[in-house]
Amino acid sequence: MSVYLHGLSTALPPHCLTQSEVQERAAVIFGGRYPQFDRLSKTFATAGIDKRYSVVPIDWFSDDHGWVDRNAAFMTGAKGLFIDAARRALEDAGWRSADIDCVVTVCSTGIATPSLEAQVFTEMGFRDDIMRVPVFGLGCAGGVSGLATAETIAAGRSGAKVLLVVVETCSLSFRADRLQKADIIAAVLFGDGSAAACISTGVPTTSKVISLGQGHQKMWPGTLGIMGWDVDETGFGVVFDRSIPDFVTNEFATATDGALKAANLEHDQIDRYVCHPGGAKVVEAIEGALHLDQGSLDAER
């Protein structure tokens, strides 16, 4: 059964931080405390990032924060991003909130129980019988994996209207207390934002018809320590292993072949890949693994 994308949107929080502003603030926080900061600070310039967005102002990062105020900022920021992205996607699709039969919510950067779609239930005007599918822990894979989950649900419930909302507030996990290289790299790369999509087996009548193919996922044993969160009394602490680019070089092509096979496609049929890497070295590793020419990869960072 074919599944179609009816509406798509993104939403950004109110605080726009230029890369130079982030670098200057990081120098104030880490400089003199972390011996390797001067060397690592060069990655601010080589990361290819001009600006990013945050749910909190830049002054917030100069103060100490624990679980309580980090998660309070998450609840405020994530709810606002959810509502913004969801409403825009619904408008794009020509749907009403009351039309939604299922909400898939993807988030790995904060804790909300009840989950976010319940937190915004009144503001959004959802029906009280909607199916709720909150998904936590997918990290960088959350957007595409969430889309595959929403597509599977829509395919199994003909005519049902499924709303996917992905919200991440990575900036709130900024850590100046651990003085680890991973925390510097996280400050270089990560920002906040959200996206939403409306999905159904019904054929769109007011927009370009985009059908969703079969999703594909891949897991590797013995890789839990490559990326993720450390959890302690202060909050989430990012895990980045230096082996990530080499891992991509060795494994990404095989995983991509599996995804192409699931979609009945060949590599030479693809005009452009869209990827979610974590920095310039990973972008280069993906390009090398797939033997891509310049301009064949859209890297969302």
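## Salt bridges, buried polar residues and a kinked helix

Let's start with Arg-127: its relative accessibility is 26%, so it counts as partly exposed. For these labels, buried means under 20% relative accessible area, exposed means over 50%, and partly exposed is in between, using a 1.4 Å probe and protein chains only. Before going on, note that this is a predicted model, with local features needing pLDDT of at least 70, side-chain atom pairs counting only at pLDDT 80 or more, and totals for chains, interfaces and linings using all residues. Residues are numbered from 1 along each chain as its sequence is written, and side-chain values use heavy atoms, with hydrogens and water left out.

### Salt bridges

A salt bridge here is a side-chain nitrogen of Lys or Arg within 4 Å of a carboxyl oxygen of Asp or Glu. By that rule, the count is ten.

Arg-127 forms one with Asp-101, at 2.9 Å from N to O. Arg-127 lies in the loop between α6 (121–124) and β5 (131–135), and Asp-101 in the loop between α4 and β4 (102–106), so the pair ties together parts 26 residues apart in sequence. Helices (H or I, at least four residues) and strands (E, at least two) are DSSP runs, numbered from the N terminus. Asp-101 and Arg-127 also belong to a network of salt bridges with Asp-129.

Another pair is Asp-59 and Arg-25, whose closest N and O atoms are 3.2 Å apart. Asp-59 sits in the loop between β3 and α4 (67–93) and Arg-25 in helix α1 (residues 19–30), so this bridge ties together parts that are 34 residues apart in sequence.

Then there's Asp-230 with Arg-178, at 3.6 Å from N to O. This pair links distant parts of the chain, 52 residues apart: Asp-230 is in strand β9, and Arg-178 is in the loop between β6 (162–169) and α8 (181–189).

Here is how some residues score for accessibility:

| Residue | Relative accessibility | Label |
|---|---|---|
| Arg-25 | 21% | partly exposed |
| Asp-230 | 38% | partly exposed |
| Arg-178 | 15% | buried |
| Ser-54 | 0% | buried |

### Ser-54 and Asp-192

Ser-54 is in strand β3 (residues 51–54). A polar atom of its side chain lies 2.7 Å from the backbone oxygen of Val-56. The side chains of Ser-54 and Ser-171 are joined by a polar contact of 3.3 Å. (A polar contact is a pair of N or O atoms within 3.5 Å; within protein, one must be able to donate a hydrogen and the other to accept it, and residues adjacent in sequence count only if both atoms are side-chain atoms.)

Ser-54 is also in contact (heavy atoms within 4.5 Å) with Asp-192, a residue of strand β7 (residues 192–200). Asp-192 is buried but has no salt bridge, and the nearest side chain of opposite charge, Arg-52, is 8.2 Å away. The side chain of Asp-192 does have a polar atom 2.9 Å from the backbone nitrogen of Val-55.

### Helix α9

Helix α9 (residues 244–262) has 19 residues and should span 27 Å at 1.5 Å a residue; its end C-alpha atoms are 25 Å apart, which agrees. (The expected span is 1.5 Å times one less than the number of residues.) What are the buried residues of α9? They are Ile-244, Val-248, Ala-255, Thr-256 and Leu-260. They pack against β9 (227–231), β10 (236–240), β11 (273–275) and α10 (280–290). Just after α9, Asn-264 takes a positive phi of about 55°.

Conventions: Lys, Arg positive; Asp, Glu negative; His and termini not counted. Expected span 1.5 Å × (residues − 1). Lists of a residue's contacts leave out its neighbours within four places in sequence.
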